[in-house]
Amino acid sequence: MRKSVLIFAFFISYISIVSGQGLGSPGTIKDDGRFAASTKQMNQFFRRFNGEESIDGTKRFYPGDTLYQNEKLRKGFVSILFDNQSSSISPELKSEFITNILSPNYPQYLVFHKPGWIAEVDAVFWYKGKKENLTFIMKIQPEGLGYEWVIDQVIFEPFKNLFNKPVGSAKDFLHPLSHELGFMNMRRAFQDSESPESFTPTSYTPDYLAIFLFEMKQDNLRFETVNGVKFHFFQIGGWYFEVNQFNRPGFNTGWLVSNLMRLGPGDKETLLRYIYDQD
Amino acid sequence: MKNTGILILGLFLATVTAAFAQDNISPRRKQAIDSLALEKVKDLSKYISIIGNKETQFSEANRVMDRAEELFAAGAEMGVSSINTKEIAYYKVRRYFERLMALNYDKVNITWYDIQYVSDLERQPDGRYVGVITVYQRFEGTSIETGMNYKDTTKKDITIYVEKKQTQIAGRTIEFWDVMLGDVRVTETSA
Amino acid sequence: MLMAVLVLLAMGACKSKKKAVEPAPAPVVKEEAAPVKVQAPAAVVRSAEEIAVEKLESQFASIASASNVTAANQSIQEVLAMFSNQETPILIVIHEEGGVKDYDEPTTIKKYLEYLKDTKKNLNYISDIRLAGGKVTELELKRK
């Protein structure tokens with residue numbers, strides 16, 4: 001906590017030192033350090049995490065620059081990349097994480113273009129005359145001469161409700177000798193059953209993204225707006241963290257780590273299942 | 001054997017040269033492009049201040065709106081949200097300026113904070129570079145009749161598109177960096 | 001730790017200092033000939049190009065700092081009279097590295113002058129000029 005206060009103090013004093021050096025022009029308002037301190041873009045989150053930009057964010061460091069990925073610079077930055085107003089991350093865990101990523105033998109960095117980080121986008125769609133919440137899980141992938149964001153999964157309650165595969169004696173079935181009668185019992189099965197999903201394999205999971213695309217093409221779904229965006233990071237070995245945007249007074253604002261977890265064996269898969277299925 | 005080696009080396013060099021002949025953006029070149037993009041954002045900021053100012057003549061405001069619109073790529077939109085609701089209002093750029101001009105205040109003062117953040121330039125699938133510039137604006141509107149004074153501070157995340165283009169000038173082919181503005185996300189901050 | 005970060009801050013401050021504005025006008029460079037230095041008026045007869053550059057630089061500055069639109073428009077008309085036509089192309093160099101020039105989108109003299117008036121920014125100095133029949137036919141600017 002004390003360290004964060006020090007870092008914020010540096011932002012304020014730094015801005016006052018350089019105030020006459022071309023940052024401000026006539027008619028502009030001097031930032032009291034709040035906006036300088038804020039992690040204004042995810043791009044800035046990456047650059048600060050990796051120690052690839054100056055404290056005031058005006059200079060980008062490249063391989064070969066003295067301060068490029070400088071350990072002390074990173075250390076100063078990473079402590080302020082956390083949401084310090086929530087108690088969900090213990091100081092010990094945070095400290096352990098920082099020590100890990102700054103390890104002299106194996107420092108770890110975030111790479112924008114590599115897999116291992118995903119976006120969770122909360123959107124609102126019109127569906128069957130009602131506004132419904134829909135969540136996209138998205139990732140970056142190479143395409144053509146550059147990169148693009150793509151939808152990896154759709155989480156939508158109305159779709160989930162379409163798939164209510166009954167269990168046990170409540171589940172309809174096509175008996176094992178149906179083939180001898182040319183599957184004529186399909187006629188009654190489909191007529192009487194309200195859950196055709198009953199006739200799917202045990203391992204079957206619906207592809208909600210495909211249904212989403214189908215409903216979009218059928219004009220049954222209409223995009224309204226985006227409510228919120230957050231990011232899930234798995235790029236640091238043995239760790240998971242979540243990044244959210246904090247719009248509030250003070251110096252601890254912008255894109256910040258809101259959740260941090262140490263990953264044991266199997267934890268990553270469990271977490272991913274949770275994020276993708278929201279079950 | 002030796003000739004094959006020279007041939008391979010030649011091919012390698014040719015490939016490397018070809019790669020550099022594409023839009024190689026060195027750090028210093030990026031800085032120059034950043035400055036160019038920032039100037040466009042400053043121009044936009046200046047135009048917004050002129051458009052919003054109640055003392056600006058209608059014809060002048062319209063002329064400035066044309067200049068401002070020229071900064072943007074076709075189809076660019078503003079997405080505006082306030083601090084209280086998650087609701088985002090979407091406007092085509094021209095419509096946003098028209099609404100700004102039509103605001104029902106007697107006195108409007110728009111100023112900008114002396115801070116901006118420029119992202120790295122990322123390549124789109126079509127080869128164009130895309131970036132985002134963040135600036136902060138302070139708006140103050142006063143209504144003489146009601147004595148009401150409205151103030152807000154907004155963060156503006158402005159998309160920039162950077163592309164190398166060619167044109168003919170006096171019989172010569174000139175390559176230039178074309179910087180256009182794109183979608184703008186406007187969020188009210190609680191500052 | 002405190003000292004180290006303060007040192008880092010100081011280094012950062014030095015690195016991020018914006019380039020100081022060069023005193024205008026810079027020496028005029030003709031494309032084929034050797035650079036010609038601008039000399040004191042009393043000593044030697046100046047070329048038509050040098051005179052034109054000095055006049056233009058002064059006009060650009062006054063348009064950008066004009067106190068009202070009328071004054072700016074007056075200066076704009078005076079400048080346009082110096083050109084062969086209003087659509088004379090203006091090239092603006094934003095960066096030069098390894099002999100390669102990076103240009104901003106080319107504009108015309110009329111649009112450039114209106115830009116000076118609207119934005120009140122005077123970011124460029126004249127790096128090259130061509131005259132024909134006493135009128136300016138080409139102008140190249142460079143970021144200060």
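At what angle do the axes of helix α3 (residues 58-70) and helix α4 (residues 93-101) of chain B cross? In this predicted model, the two axes cross at roughly 150° and come within 10 Å. Because angles over 145 degrees count as roughly antiparallel, α3(B) is roughly antiparallel to α4(B). The crossing of these two helices is right-handed. Two packed helices are described in general by the angle between their axes and the distance between the axes.

The contact between the helices involves named residues on both sides. From α3(B) come Ala61(B), Met65(B), Ala68(B) and Glu69(B). These meet Val93(B), Arg94(B), Phe97(B) and Met101(B) of α4(B). By residue class, the contact of α3(B) with α4(B) consists of six nonpolar and two charged residues, with no polar ones.

Strand pairing within chain B was examined next. Strand β1 (residues 77-81) of chain B runs antiparallel to strand β2 (residues 88-92) of chain B, and five bridges join the two. One of the bridge pairs places Glu77(B) opposite Lys92(B) in β2(B). The connection from β1(B) to β2(B) is a hairpin of six residues. β1(B) also pairs with β7(B), in this case in the parallel sense and over four bridges. Here Ser81(B) has Thr187(B) of β7(B) as its bridge partner. β1(B) is thus paired with β2(B) in the antiparallel sense and with β7(B) in the parallel sense. In a regular strand the side chains alternate between the two faces of the sheet.

The contact between the two chains was then considered. On the side of chain B, 25 residues are in contact with 30 residues of chain A. The elements of chain B that give two or more residues to this side are β3 (107-118), β4 (122-123), β5 (129-142) and β7 (172-189). Of these, β3(B) gives the most, with six residues. The residues on the side of chain B that touches chain A comprise ten nonpolar, eight polar and seven charged.

β3(B) also takes part in strand pairing between the chains. Strand β1 (residues 28-29) of chain A pairs with β3(B) in the parallel sense, over two bridges. Within β3(B), Trp112(B) is the bridge partner of Thr28(A). β7(B), which pairs with β1(B), is likewise listed among the elements that give two or more residues to the side touching chain A.

Definitions and conventions
Residues are numbered from 1 along each chain as its sequence is written. Chains are lettered from A and ligands numbered from 1 in the order in which they are written. This is a predicted model: local features need pLDDT of at least 70, side-chain atom pairs count only at pLDDT 80 or more; totals for chains, interfaces and linings use all residues. Two residues are in contact if their C-beta atoms, placed from the backbone, lie within 7 Å. Ala, Val, Leu, Ile, Met, Phe, Trp, Tyr, Cys and Pro count as nonpolar, Asp, Glu, Lys and Arg as charged, and the others, Gly among them, as polar. Two strands pair if DSSP finds at least two bridges between them. Axes are lines fitted to C-alpha atoms, for helices over the stretch in contact, and angles run from 0 to 180 degrees between N-to-C directions. Angles under 35 degrees count as roughly parallel, over 145 as roughly antiparallel, 65 to 115 as roughly perpendicular and the rest as oblique. A crossing is left-handed if the near helix is turned anticlockwise from the far one by less than a right angle, and right-handed if clockwise.
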